[in-house]
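Please look at the sequence and the structure below before you start. Each exercise gives a task and then a solution in steps.

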Amino acid sequence: MSPDTSHAHLRFPCRLAAVDVGSNAIRFMAVEFVDPSRWIDLDVQRVPVRLGHNAFLTGELDREAMAGAVET
């Protein structure tokens, strides 16, 4: 079996970021990969916006929760 070379086109260090919008919180993470298997956290944040709270009860997103998510 040959080694995984899917990262061969990347140059290191390589900075990446991700945003996860969930029903309860919005999470953000920015990292710098030193090599394909090691990274340094540059910024990690979690903001509780509770988008799903009323959605699970009424089937609709709450305006205040949506405004909080947009502000975040």
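## Exercise 1: the sheet

Task: Work out in which order the three strands of the open sheet lie.

Solution: The order is β1-β2-β3, and the pairing in this open sheet of three strands is antiparallel. Strands here are DSSP runs (E, at least two residues), numbered from the N terminus, and two of them pair if DSSP finds at least two bridges between them. Because β1 (14–21) and β3 (38–48) each have a single partner strand, they stand at the edges, and one side of each is left without a neighbour in the sheet. Neighbouring strands of the sheet are turned by 10° against each other on average, direction ignored, where the axes are lines fitted to C-alpha atoms.

The model is predicted, so to speak of local features a pLDDT of at least 70 is needed, while side-chain atom pairs count only at pLDDT 80 or more and totals for chains, interfaces and linings use all residues. Residues are numbered from 1 along each chain as its sequence is written, and side-chain values use heavy atoms, with hydrogens and water left out.

## Exercise 2: from β1 to β2

Task: Find how many bridges join β1 to β2, and which residues stand opposite each other.

Solution: Begin with the connection, a hairpin that leads from β1 to β2 through three residues. Next, count the bridges: eight of them join β1 to β2 (residues 25–35), and the two strands run antiparallel. Finally, look at single positions, where A17 has A30 in β2 as its bridge partner, and V19 stands opposite F28 in β2.

## Exercise 3: from β2 to β3

Task: Find how many bridges join β2 to β3.

Solution: A hairpin of two residues joins these strands, β2 and β3. They run antiparallel and are joined by 10 bridges, and A25 stands opposite P48 in β3.

Methods: Helices (H or I, at least four residues) and strands (E, at least two) are DSSP runs, numbered from the N terminus. Axes are lines fitted to C-alpha atoms, for helices over the stretch in contact, and angles run from 0 to 180 degrees between N-to-C directions.
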